[in-house]
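Dear colleague,

I am handing over the structure below, and I would be grateful if you could look through it alongside the notes that follow.

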Amino acid sequence: ERMVQQVPENINFPNEEEKILTLWKNLNCFKECLKQSKNRPRFNFYDGPPFATGLPHYGHILAGTIKDIVTRFAHQSGFHVERRFGWDCHGLPVEYEIDKTLGIKGPEDVAKMGIEAYNKQCRGIVMRYAKEWEFSVTRLGRWIDFENDYKTLYPEFMESVWWVFKQLYDKGLVYRGVKVMPFSTACNTPLSNFESHQNYKDVQDPSVTVSFPLEEDPSVSLVAWTTTPWTLPSNLALCVNPELQYVKLKGKYKATGKIYILMESRLVALYKSDSEYQILDRQVHKLLFPGITLKGKKYKPLFDYFIQCKEKGAFTVVVDGYVKEEEGTGVVHQAPYFGADDYRVCMDFNIIQKDSVPVCPVDASGCFTAEVADFAGQYVKDADKHIIRCLKEKGRLIHSTTFQHSYPFCWRSDTPLIYKAVPSWFVRVEHMVEKLLENNAQCYWVPDFVREKRFGNWLKDARDWAISRNRYWGTPIPLWVSEDLEEVVCVGSMAELEELSGVKVTDLHRESIDQLSIPSRCGKGSLRRVPEVFDCWFESGSMPYAQAHYPFQNKRDFEEAFPADFIAEGIDQTRGWFYTLLVLSTALFGRPPFKNVIVNGLVLASDGQKMSKRKKNYPDPMHIVNSYGADALRLYLINSPVVRAENLRFKEEGVRDILKDVFLPWYNAYRFLVQNVQILQHKDEGREFLYNENTVKESNNIMDKWILSFTQSLIQFFKAEMAAYRLYTVVPRLVKFVDVLTNWYVRMNRRRLKGENGTEDCIMALETLFSVLFSMCRLMAPYTPFITELMYQNLKTLIDPASVQEKNTESIHYLMLPQVREDLIDKKIESAVSCLQSVIELGRVIRDRKTIPVKYPLKEVVVIHQDPEALENIRSLEKYVLE
């Protein structure tokens, strides 16, 4: 039998962690855990897939730590917890990297090199950092299965995505529509409404107010406001709100004689006070009129580019409720293909206005040509200046300024998004908003406000989801269509495609299937696949089914494991993964996709800015791990506001303080225990210290009773709160417990633990301390897996093998949680000590201020406590305190 080892005075946590990693590797601990639990009830966990095109950052580490803690706790509580890592492999992050590397500007560049060569390049970098990810995740103590991972580029995964889509298609939930959408000119593709909400920046934009004289009376002008002067040459209509009140007025000072019409509640947009204008139409006794009365009025166009559209109804006032009274003038300028609601007005013009040069059309697929994409990014500023000058010359500019506002940028390329109408494939979502809210109500969210507020409010306004991307490296949309789009065949599996096309298929990427055609059933020749691929969010939303290759394989396994017991990601996923998971599982099965979810806040740089590689405003995570250890980083993150979905400003000294305030005192208590056990064994040759929690004698010492009661109360609290996924209540209690154990119990029982009160009392105190440290290690194991393993590897040599129920005790992570022993809980002793602690703190304060001896406040306690039993407890505690 191995003897207990002496504990060195100094410890280097990162070095010790490296040794523990070797131990886990040699024992194959994670696999062993899975093997031991395989006949237990299952706890199902889904891991949201990251991209391996960059290195893990603190956001990944934080979410990964939360997932690790909860899944380790589930294992410790008697469940079998499979943990599969997943990778997001398709989509813009990968393509954007390749476009930058190869200098690709647009579709024609990809056409030149060929989709096969392009996708080969993408495939080449998809797993670029996979090894670094695996190294970092492992170094941080997270147990997850990398061998049995899922990747969104696996043919099995893609086939299940096709199956998901076909279910939606068969239910009539898929349609092709033209809608104005956020469009990334750099990535040359539309984005879904939730992608466009991911990257807002404060920008300075021009703000112009322009006059539009009415044809019936050119002395009267409608007043419109815009922040995109470059779209004014394409103006084809003005829109007002039919219900809200408008007003006709004359300015008193500037532009004397000019008469303007705008929304009454937006007068503030033009005038500082009501003395600056005079309201007209007094003779009608009705100074205000609703917007509907302006409907159909004709006005003079700003420019002549589209004069030929006049006979088709252009340059007319239209009405719509989307015009709000919060900004602008209540009169909205409408240009086809730009701006979120303009598609209602005019769908016929595939045009982007370039400066005042004749127009430059989009290509047939509704995509900007590379030339236009370049223009849109760089040219807009020049166009704005030019157009504002033009408006001035024409006498149509009422007011020009700049203003700061929040504007969406592409989450991938960091370029401003523009809004334009693009033909896209949509999944219907608006019709099932009630069902989404109902399913969301069945999920348990931590913290709970996210469910109603952040997520619930987003769901209430859910829009149909644009799932197609005009890109190459992704899961192709499995729709084969006739040229007139009248005949559509949706393919739901490889076998089905083989049967319809007569060609054997092993891979589903574009280069493998684009050339395949399907004979028409209606005499329309050959059906070809639509060119688009799925938005990669559609794939991650399909992950529960696709990772299991459902329904082609593992049918029963999946059905038993759905919905997931637990998922966790950052607050930004309320508009990403949480959303797409819910939409797809509601559409397919009418149920929520997960039961419990923990949402974490964002980790910011120490100055409150976003962490940015470019600004280098944060320390490299691996530097932190190598300096302080993974346990310290884990505990620092989990003991912070981010676990309550608030933001954390990351400070390196915070990690250092965890070492100083938590780990070192805890380590010293453990060292003190081992030291005194060795002294006891040495002094009393025949006396072997072996701890057996079943036969341990009940101590009648009040300090022992107190710390044992305190520990059992902690175990009780820990189990209840962990079962409720409230990590943020658990960690502060664990951290406080370390303080109570070291600063109160050990400090006040030093003499007993050293054997100065005789051997029997010494063993009693050592058994108490051993029991508490052993329980503490088991509770802390999911949070700080290294230091608990380090202590356990030495402490286990002092455990009586007869007292252990687990077959294999080689690692602390094989042990189940300690059972609560309610017979040891004595709330009266706990409250007496708690009262005493307060009094001593008070005593310290008084002594510091007035140099009064510390004994003084103990007399005060007698006044506070009239309960005879409490007084008795306090008196028996007094001697420990006074020592």
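**Cis peptides, a parallel sheet and two positive phi values**

Pro551 lies in the loop that runs between helix 15 (543-546) and helix 16 (555-561), where helices are DSSP runs of H or I with at least four residues and strands are DSSP runs of E with at least two, both numbered from the N terminus. The peptide bond leading from Tyr550 into Pro551 is cis, with omega near -5 degrees.

Please keep in mind that this is a predicted model, in which local features need pLDDT of at least 70 and side-chain atom pairs count only at pLDDT 80 or more, while totals for chains, interfaces and linings use all residues. Residues are numbered from 1 along each chain as its sequence is written, and side-chain values use heavy atoms, with hydrogens and water left out.

A cis peptide bond also joins Val446 and Pro447, with omega about -5 degrees, and Pro447 sits in the loop between strand 18 and helix 11 (449-460).

Strand 18 also belongs to an open sheet of 3 strands, arranged in the order 18-27-26 with parallel pairing; two strands are taken to pair if DSSP finds at least two bridges between them. Strand 18 (444-446) and strand 26 (564-570) are at the edges and have a single partner strand each, so one side of each is left without a neighbour in the sheet. From one strand to the next the twist averages 15 degrees, angles being taken from 0 to 180 degrees between the N-to-C directions of axes, which are lines fitted to C-alpha atoms and, for helices, over the stretch in contact.

Strand 26 pairs with strand 27 (residues 594-600) in the parallel sense over 6 bridges, and Phe566 has Asn596 in strand 27 as its bridge partner. Helix 17 (residues 577-589) packs on this sheet and touches strand 18, strand 26 and strand 27, its direction making about 145 degrees with that of strand 26; contact here means heavy atoms within 4.5 Å.

Two residues other than glycine with positive phi may also deserve your attention. Leu485, in the loop between strand 21 (479-481) and strand 22 (488-490), has phi near 65 degrees and is partly exposed, at a relative accessible area of 36%. Ala645, in the loop between helix 19 (630-638) and strand 29 (648-649), likewise has phi near 65 degrees, but counts as buried at 12% relative accessibility. Buried means under 20% relative accessible area, exposed over 50%, and partly exposed in between, computed with a 1.4 Å probe on protein chains only.

With kind regards
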